[in-house]
Structure formats: structure tokens, C-alpha cells
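Student: I am new to this structure and would like to look closely at a single part of it before I take in the rest. Please start from one residue and work outward, carefully, in one connected account.

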Amino acid sequence: MARIDAHPGEQAAQDPIRLLAIRESPLSVDEIFRAVGDDAAGGTALFVGTVRNHDGGADVDTLRYSCHPSAEAELRRVAEKVVADYPVRALAAVHRVGDLAVGDLAVAVAVSCPHRAEAFEACRKLIDDLKHEVPIWKHQTFSDGTEEWVGAC
């Protein structure tokens with residue numbers, strides 16, 4: 001009788017990191033979802049972060065993301081750690097920079113794994129570590145004229 005992990009679909013994917021980017025152009029959920037398609041994956045988890053119209057009890061008028069030149073390398077490091085810690089078949093992560101409007105997609109990440117629980121856990125780890133470790137900063141201007149930097153050192 002063959003072992004379950006002897007099936008070719010249980011073998012590690014060649015390069016599970018399919019899409020990593022920091023870009024000024026609008027993000028596409030379809031692009032992210034297609035990037036993590038894998039016939040050996042039984043679960044795909046997708047997280048999309050959008051610009052909301054308020055923060056900390058104040059109305060947000062404008063928002064701009066900027067990043068350090070090392071941001072893409074740090075994003076790769078975060079993605080490689082998730083791939084090392086979970087049975088990832090495919091992974092994608094894209095963050096937007098520049099001026100964004102309320103409702104715009106700011107970040108999208110997706111992970112496909114053999115099972116749903118692993119996909120959920122890996123996707124959560126990916127977005128949490130991206131937000132904590134990748135040097136991307138948000139500058140918000142509020143309707144009362146005040147402003148703040150979020151994530152800046």
C-alpha cells in the first residue's frame with residue numbers, strides 16, 4: 001500500500017513563491033488568486049486589506065503608502081519563512097504604495113496548501129508578518145486637518 005505522502009501532489013512545489021510585489025498600480029484579487037492556483041492544494045486562503053474611511057475615531061480624507069528600498073527583499077524574507085513553516089503549495093503577496101482612495105485595495109495575500117486549516121494559518125502568518133516586518137508606512141490625513149504616520153519609526 002502506498003503512503004499518502006508518496007503521491008506526487010504531496011511533494012513540495014518547485015517554487016511556491018509565485019508573486020511578490022510592491023507596486024503603485026491598483027491591485028487585482030483575480031491576479032493574486034490565479035497566482036496561487038495549484039492542483040495539489042485543497043485549501044486556498046486570501047486576505048485583502050482595503051482603505052477604510054476612518055481610523056482612531058477620525059474621518060480619513062487621504063492616504064499614502066511609502067516604503068523603504070529594502071521592502072521587497074523583506075517581503076521575500078517573510079514569504080520564505082512562511083513557506084518554511086507551513087506546507088505551502090503556492091504563495092502570493094502584493095502591497096500598494098502611492099496615493100490611495102477610500103475603498104482601494106492596499107494589500108492582498110494568498111496561500112494555497114493541501115488543507116484549509118494550514119492555508120488559513122499560513123495566510124494569517126503571512127499578512128501579520130508583512131504588516132509587522134516589511135518597512136511600509138502609511139501617511140493619513142484626516143478631515144479635521146490633522147495627519148499621522150502609521151508604522152513609521
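**From one residue to the sheet and its helices**

Tutor: Val48 is partly exposed, because its relative accessible area is 28%, a value that falls between the 20% under which a residue counts as buried and the 50% over which it counts as exposed. The model is a predicted one, and what follows is read from it. Val48 lies in strand E2, and, with residues up to four places away in sequence left out, it touches Val29, Leu105, Val107 and Ala108. Its C-alpha atom is 10 Å from that of Asp104, although the two residues are 56 apart along the chain. In the protein as a whole, of the contacts between residues at least 6 apart in sequence, 74% join residues at least 24 apart.

From Val48 we can step out to the sheet. Strand E2 belongs to an open sheet of four strands, ordered E1-E5-E7-E2, in which the pairing is mixed. E2, which covers residues 43–50, and E1 stand at the edges with a single partner strand each, so one side of each has no neighbour in the sheet. On average, and with direction ignored, neighbouring strands here are turned by 5° against each other. At the other edge from E2, strands E1 and E5 run parallel and are joined by six bridges; Ile17, for instance, has Leu91 of E5 as its bridge partner.

Two helices meet this sheet. Helix H3 lies across E2, E5 and E7 and runs at about 145° to E7, while H2 packs on the sheet by touching E1 and E5, with a direction that makes about 150° with that of E1.

H2 repays a closer look. Its 15 residues should span 21 Å at 1.5 Å a residue, and the C-alpha atoms at its ends are 21 Å apart, so the two values agree. Its buried residues are Ala71, Leu75, Val78, Ala79 and Val82, and because they cover an arc of only 95° around the axis, they sit on the same side of H2. An α-helix has 3.6 residues a turn, so residues three or four places apart point the same way. The exposed residues Ala73 and Ala84 are carried on the face of H2 that is turned away from its buried side, whereas the cover over the buried residues includes E1, E4, E5, H3 and strand E8.

These pieces come together in the largest nonpolar core, which has 30 residues, and in which Leu91, Val109, Val111 and Leu126 touch the most other members. Two or more residues come from each of E1, E4, H2, E5, E7 and H3, and H3 gives the largest share, six residues. Leu126 shows how the parts meet, for beyond its neighbours within four places in sequence it is in contact with Val78, Ala79, Val82, Leu91, Ala92, Ala93, Val109, Ala110 and Val111. Apart from this core lies another one, of 12 residues, including Leu27, Ile32, Ala90 and Val94. In soluble globular proteins, nonpolar side chains tend to be buried together.

Last, the wider frame: the protein has three helices and nine strands, and buried residues make up 42% of its 153 residues. Its C-alpha atoms fill a box of roughly 70 × 25 × 25 Å along the principal axes.

Terms used: Residues are numbered from 1 along each chain as its sequence is written. This is a predicted model: local features need pLDDT of at least 70, side-chain atom pairs count only at pLDDT 80 or more; totals for chains, interfaces and linings use all residues. Side-chain values use heavy atoms; hydrogens and water are left out. A nonpolar core is a set of buried Ala, Val, Leu, Ile, Met, Phe, Trp, Tyr and Cys residues joined through side-chain atoms within 4.5 Å. Buried means under 20% relative accessible area, exposed over 50%, partly exposed in between (1.4 Å probe, protein chains only). Contact means heavy atoms within 4.5 Å. The expected span of a helix is 1.5 Å times one less than its number of residues. The arc is that of the directions from the helix axis to the C-beta atoms. Two strands pair if DSSP finds at least two bridges between them. Axes are lines fitted to C-alpha atoms, for helices over the stretch in contact, and angles run from 0 to 180 degrees between N-to-C directions.
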